[in-house]
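Welcome to this short tour of a protein model. Take a moment with the sequence and the 3D view, and then read on at your own pace.

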Amino acid sequence: MVADPSDVQALLIAGNLAGHQRDFQSSLSYYQEAIRQSKTADMPLLDNLTQSLLRSGRVFDAIELLKTFIERFEGAAQARFDLAGLMTMVGIPESSTSYLHWLFQHNQGDVETLLLMAHPARIEPDLEFCDSLLERSVGDIRLRYAAARVNAMRLQWEEVVNRLEAVVEQHPDFAPALVLYGRGLVELERIDELEQWKSRLPAQIVDSPEYWIVMGKWAEAVADPQSAAHAFLQVQRLNGTCYPDQLNGLYRNLLAIDDEPTAQLVEVQIQRQIGLRDSFKIYLDRDRQSQTAAFAVAESMVDLGRVWEGEAWARHAVGLPNETTADAKQRYLAIRDRLSPSSPWILSSHDLASMIRVRGNPNSQSLRLGSNQSPTNTSGALRKKSQIPLFQNEAKKRGFDHTCAISADAESKGHWLHQSSGGGVGVIDFDLDSYPDLAVAMLDGEPLQANSSANRLFRNLGGQFVEVGDLCGYDDTGFSQGIAIGDINCDGFADIFDANIGQNRVFINNGDGTFREASESMGMHDESWSVSAAIADLDADGNADIFAANYCDGTRPFEHA
């Protein structure tokens with residue numbers, strides 16, 4: 001290798017020897033240099049090296065090697081697929097999307113990469129894969145990040161911080177863990193710890209959109225909407241397509257600094273993103289076989305200026321067998337004709353980050369964020385000055401641990417229409433103790449049947465919730481959609497109306513902390529698809545009336561998703 005530093009075989013041997021000696025940094029460097037010195041895109045060589053690294057638990061070295069290969073051989077499509085697959089499995093799918101652009105611009109993308117590009121944040125890492133690699137890795141605990149990402153997706157921020165403390169200590173340059181740890185501190189309102197967190201960050205962290213999410217939320221926490229708006233705009237500049245939810249932060253902080261014209265532009269983008277989200281959900285719910293649904297995704301992409309993806313979705317739609325349209329070819333060609341080889345990934349006319357500016361400069365004090373502010377100020381006095389209402393999720397802490405259940409096969413087969421419209425909640429002080437209690441719907445059975453789990457009733461005992469449905473006689477096992485609260489019999493105690501697919505149910509409050517079911521005695525025999533209801537004296541005769549809103553008629557919606 002001294003005689004010929006470009007000798008690929010010598011470099012590979014050196015990489016192997018360094019790996020055996022557990023000098024993993026040198027080992028990776030030798031492998032990368034061997035790739036750079038290769039004359040052709042040797043995929044078998046790349047596969048062998050990648051598999052060897054994975055067998056040793058060195059998944060992040062495998063990712064870096066794939067990046068090097070793609071830099072050396074831009075047209076290596078399979079390497080791009082492999083890179084995206086590994087990044088997704090370890091919990092960093094957003095980082096893979098820039099490597100996938102080339103595939104679509106050269107007509108080599110597939111359906112799975114389309115799904116990844118459309119909504120990377122929805123994809124959970126493969127924890128079984130990560131755990132198996134952790135057992136083999138030596139001194140590398142970065143894969144613990146994957147489980148922390150799952151915790152973050154479930155808003156379990158205490159678990160996020162606890163999992164990542166050792167990771168950020170042992171791997172101070174691992175950006176995904178660093179920024180997620182910071183996000184956890186913000187979400188837990190541990191504002192006084194953020195300055196120390198920030199002081200340990202590497203300089204290149206500013207290239208991470210997740211870093212700017214943390215900075216934006218931190219600025220909000222200390223009541224500095226000017227800096228928050230700048231931070232959330234930077235998220236859009238770096239990778240707006242992967243973080244559409246952060247548009248909400250940009251929007252509310254623009255309003256807080258009285259920049260309504262710019263906020264209106266952001267609001268238009270939010271509405272377009274909602275359109276994409278809804279059409280994408282419908283596509284998934286229809287088993288990914290609906291031509292109409294796929295075209296809706298394609299056209300939503302075009303509305304966002306993402307015409308390359310729109311063309312790929314439209315091309316995919318043409319071949320789908322269900323819910324076909326007579327003008328499929330024309331719709332595809334209309335989108336394709338908007339493209340040329342020089343078309344940017346996002347049309348400049350739709351690139352929000354290049355279209356808007358935040359008035360004024362970021363507060364330099366806030367860009368250091370809290371350097372002269374005590375924990376008391378940031379959590380108290382400063383927050384009171386904010387025009388932005390701030391909420392904290394304390395449901396689990398207060399005993400309201402509830403997720404609306406749907407049938408088990410929905411996760412594997414996709415949500416049917418009737419499984420996508422329920423989950424109602426009613427707020428009711430049924431015991432008149434001045435603390436609002438909660439009635440919540442369940443729909444894990446079948447429509448028109450009484451085989452769901454019973455709706456749940458949580459009693460509020462001074463700010464802590466206890467489930468009491470069984471004790472109180474609130475027992476509705478119908479396929480519930482919505483819940484309405486009102487004093488139906490005018491006795492001063494709030495009653496419950498459950499809007500079901502099938503027999504609606506009325507539970508009259510006995511005034512002693514219990515309920516009695518009264519739908520039959522009140523003449524309610526209708527078995528329509530009721531989705532919501534309101535209780536009010538509609539004709540001003542002193543008696544409460546019930547208005548139930550119904551959806552589709554008949555049983556066909558439950559037979560065809």
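## A first stop: Asp 61

Let's begin with a single residue: Asp 61 is found in helix 4, which covers residues 59–72. Keep in mind as you look around that this is a predicted model. Is Asp 61 buried or exposed? With a relative accessibility of 12%, Asp 61 counts as buried, because the limit for that class is under 20%.

Which residues does Asp 61 touch, once those up to four places away in sequence are set aside? They are Phe 24, Leu 28 and Leu 53. Asp 61 also has a polar contact, made by its side chain with the side chain of Arg 58 at 2.9 Å.

## How the chain is divided

Stepping back, you can follow the protein chain through three domains: domain 1 spans 8–122, domain 2 spans 268–356 and domain 3 spans 397–558. The centres of domain 1 and domain 2, taken over C-alpha atoms, are separated by 29 Å.

## Where domain 1 meets domain 2

Now for the place where two of these domains touch. On one side, 12 residues of domain 1 take part, and they are in contact with 14 residues of domain 2. The size of an interface is often given as the accessible area lost when the parts come together. For domain 1 and domain 2 the buried area is about 1300 Å², and carbon and sulfur atoms give 68% of it. Within domain 1, the residues that lose the most area to domain 2 are Gln 105, Leu 114 and Leu 115, which together account for 38% of what that side buries.

How many salt bridges cross the interface of domain 1 and domain 2? The rule finds 1. If you would like to see a salt bridge up close, look for Arg 288 and Glu 112, whose closest N and O atoms are 2.7 Å apart. Polar contacts cross the interface of domain 1 and domain 2 as well, with 4 residue pairs found, both residues of each being at pLDDT 80 or more. On the domain 1 side, the elements that give two or more residues are helix 6 (97–105) and helix 7 (111–118). Helix 7 gives the most to this side, with 6 residues. By type, the residues of domain 1 that touch domain 2 divide into 6 nonpolar, 4 polar and 2 charged.

## Salt bridges to look for

By the same rule, the count of salt bridges comes to 25. One of them joins the side chains of Lys 217 and Glu 187, at 3.8 Å from N to O. Lys 217 lies in helix 13 (residues 209–221) and Glu 187 in helix 11 (residues 175–187), so this pair ties together parts that are 30 residues apart in sequence. Lys 217 is buried, with a relative accessible area of 17%, whereas Glu 187 counts as partly exposed at 26% relative accessibility. There is also a network of salt bridges here, linking Arg 183, Glu 187 and Lys 217.

Another salt bridge brings together the side chains of Arg 315 and Glu 311, with 3.0 Å from N to O. Why are these two separated by about one helical turn? Because Arg 315 and Glu 311 are 4 residues apart in helix 18 (residues 307–318). Arg 315 is partly exposed, with a relative accessible area of 30%, while Glu 311 counts as buried at 8%. You can also find the side chains of Glu 309 and Arg 306 meeting in a salt bridge, at 2.8 Å from N to O. Both Glu 309 and Arg 306 are buried.

## A last stop: Arg 516

Our final residue is Arg 516, in strand 8 (residues 515–517). Arg 516 counts as partly exposed, with 43% relative accessibility. Leaving out residues up to four places away in sequence, Arg 516 touches Asn 489, Val 506, Phe 507, Ile 508 and Asn 510. With Asn 510 there is a polar contact too, from side chain to side chain, at 2.6 Å.

How many Å separate the C-alpha atoms of Arg 516 and His 350? The answer is 57 Å, for two residues that are 166 residues apart along the chain.

Definitions and conventions:
Residues are numbered from 1 along each chain as its sequence is written. This is a predicted model: local features need pLDDT of at least 70, side-chain atom pairs count only at pLDDT 80 or more; totals for chains, interfaces and linings use all residues. Side-chain values use heavy atoms; hydrogens and water are left out. Domain bounds come from an automatic or database domain assignment. Contact means heavy atoms within 4.5 Å. Buried area is the accessible area (1.4 Å probe) that two parts lose on being put together, summed over both. A salt bridge is a side-chain nitrogen of Lys or Arg within 4 Å of a carboxyl oxygen of Asp or Glu. A polar contact is a pair of N or O atoms within 3.5 Å; within protein, one must be able to donate a hydrogen and the other to accept it, and residues adjacent in sequence count only if both atoms are side-chain atoms. Ala, Val, Leu, Ile, Met, Phe, Trp, Tyr, Cys and Pro count as nonpolar, Asp, Glu, Lys and Arg as charged, and the others, Gly among them, as polar. Buried means under 20% relative accessible area, exposed over 50%, partly exposed in between (1.4 Å probe, protein chains only).
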